[in-house]
Structures are given as C-alpha cells and as structure tokens.
Amino acid sequence: MAYAHPSRLLVSVRDEHEARLTIEAGVGWIDVKEPRNGSLGAAPAKIVAQVLELVGNRAVVSAARGELLDGARCAPCDGRLALAKFGLAGCARVVDWPSRLMQCVSTFSATTAAVAVIYADWRSCHAPEPEAVLELAQRDRFAAVLVDTFDKSAGGLFEHQAERQLEAWIGAAQQSGHLCVLAGSLDRQSLRRALELGPDLVAVRGAVCGEDRAAGIDPCKLAAVVEQVRNSERCSRPVGERLLSGRA
C-alpha cells in the first residue's frame, strides 16, 4: 500500500469535509475525533464510516474512542480502521483499569490495532503513570504509543514534560517495536521541537484550525504545517510499512 507524504504527519479531522482537505494536502495519516468531546472525543460511527469511505487506501485512518471511564463504548469499531484508542484520564484511581482497557481492546477486529495513551499531564488528570502504560503496551496487543495532553486549556506538551523525559518515553516505545506519536496542542514552534525528538509521527489539530481546535481546518494553516513537516531535517524510516507488516 502506498502512502502520501509527509509520512510523519497525522492530522485529526472531525468529518468527511476535513478529511478531504487533509487528503488533498498530501497527509498520509488521519485520525477521526470530535474535539468538542474532549482530547480523545469519539466521533459518531456514521462520521467514521464516511471518512473511511472517502479516504479508501490513500491514507492510514485511526479513530479516538473517548475516555475509558467516561462512557466510552466497548462496542466493536469499524474494522477498516488501522488503529483505535481510549483515553485513560481518571484511571489511576481505578485498580482494574488494565483489564477494563483490554476488555475494550478485545472487541477490535483483527485488522484494527490498539494505541496505548500516555497523558503528559497524567498527574492532574489522574491518568496512570506513563511507565505503567508502557509496560501494558509491551505485553499486550498494542501497535503504537501516543503521548498527548488531556486538558487542552492547560498548555501544550512541552509545558508538562521536559524534552529529556519525552525522549525517554519515545525510546522505550520504539525499542519495544511500537510506533510513537507525539501530540498535545503542538503549534508551529513546538511542532519543530517535537520533530527533533525523533517520534515516528507528530499529530496536530489546533495548529491547522482556525481560532481553536474546535473550529474547522484552515487550508492555509494545513498547507504550512505539511510543508514544515516535509522540510523537517530529521527523517524516520517509513512507518506505514512497519505498522501494517504482518497484518492483513
């Protein structure tokens, strides 16, 4: 399967229209979410299906499924999704969060891999410690690790974690064979810093939107971010082939 370039950029979209803009801009990784429902707010199943139909094989498509403890549905997700994920806010207060998460992941089809989510602001949102999430990812059926922020009003990724800590998490994820994705209210400046840390992917929403992440995608901002990632000095190996190697 061929993927568009730049291969290291993932853009979150909320509907079919935004997915079309993103594909036309040359983005090869798309995540479907509803930003008004939170950091990993789930979009309606109908919207996910429409995006998948539009995209076809022109990009890898993933989807957010909401927070595990906030009514996130464990119903089977669309089998055409390459990846799906649940947020873990509040799970530090729940002893059996790993089994609850794995119960939901077990409903995924054989062609949909799971993403383990580390919240950089894990203390304030009472998410599990990052090391516990990495340990779970290493021993269960996860293909990727996402480092994101839960509270988008409380600052971006680098306001919650130092670069040295982020590098450690990236290294741990990649050494265990997982894709590592950096997100968390990345703007143009922090996007450059994120790319320099060497993740497999960087994920954006607000950086390509109008006034805020809940507004629609601005084609001019999207084009600028695509160009920035395309021109980034550090290049990683193609991640599309590694993600889907050995999978149908």
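Which residues have the most contacts inside the largest nonpolar core? They are Leu9, Val11, Val32, Leu101, Phe142 and Val204. The model shown here is a predicted one. Its largest nonpolar core has 66 residues. Helix α2 gives the most to this core, with six residues.

Take Val204 and look around it. Leaving out residues up to four places away in sequence, Val204 touches Leu9, Leu10, Val11 and Ser12. Val204 also touches Leu186, Leu191 and Val225. Two of these partners, Leu9 and Val11, are themselves on the list of core residues with the most contacts. Apart from this core lies another one, of 23 residues. Among its members are Val115, Val117, Trp122 and Ala143.

Now turn to the helices. Two packed helices are described by the angle between their axes and the distance between the axes. Start with α1, residues 16–24, and α2, residues 45–55. They pack at an angle of about 30 degrees, and their axes are 9 Å apart. Angles under 35 degrees count as roughly parallel, so α1 is roughly parallel to α2. The crossing of α1 and α2 is right-handed. From α1, the contact uses Glu16, Ala19, Arg20 and Ile23. From α2, it uses Gln50, Val51, Leu54 and Val55. Sorted by class, the contact of α1 with α2 has five nonpolar residues, one polar and two charged.

A second pair is α3, residues 97–105, and α4, residues 130–139. Here the angle is about 45 degrees, and the axes are 12 Å apart. The helices α3 and α4 are therefore oblique to each other. Their crossing is right-handed. On the α3 side, the contact is made by Trp97, Pro98, Leu101 and Met102. On the α4 side, Ala132, Val133 and Leu136 take part. The contact of α3 with α4 has seven nonpolar residues, no polar and no charged ones. Leu101 links two parts of this tour: it is in the α3 contact, and it is listed among the core residues with the most contacts.

Finally, find Lys152. This residue is in the loop between β6 (142–148) and α5 (163–175). Is Lys152 buried or partly exposed? It is partly exposed, because its relative accessible area is 22% and buried means under 20%. Setting aside neighbours within four places in sequence, Lys152 is in contact with Ser39, Gly184, Ser185 and Arg213. Consider Ser185. Along the chain, Lys152 and Ser185 are 33 residues apart. In space, their C-alpha atoms are separated by 6.5 Å.

Methods
Residues are numbered from 1 along each chain as its sequence is written. This is a predicted model: local features need pLDDT of at least 70, side-chain atom pairs count only at pLDDT 80 or more; totals for chains, interfaces and linings use all residues. Side-chain values use heavy atoms; hydrogens and water are left out. Axes are lines fitted to C-alpha atoms, for helices over the stretch in contact, and angles run from 0 to 180 degrees between N-to-C directions. Helices (H or I, at least four residues) and strands (E, at least two) are DSSP runs, numbered from the N terminus. Angles under 35 degrees count as roughly parallel, over 145 as roughly antiparallel, 65 to 115 as roughly perpendicular and the rest as oblique. A crossing is left-handed if the near helix is turned anticlockwise from the far one by less than a right angle, and right-handed if clockwise. Contact means heavy atoms within 4.5 Å. Ala, Val, Leu, Ile, Met, Phe, Trp, Tyr, Cys and Pro count as nonpolar, Asp, Glu, Lys and Arg as charged, and the others, Gly among them, as polar. A nonpolar core is a set of buried Ala, Val, Leu, Ile, Met, Phe, Trp, Tyr and Cys residues joined through side-chain atoms within 4.5 Å. Buried means under 20% relative accessible area, exposed over 50%, partly exposed in between (1.4 Å probe, protein chains only).
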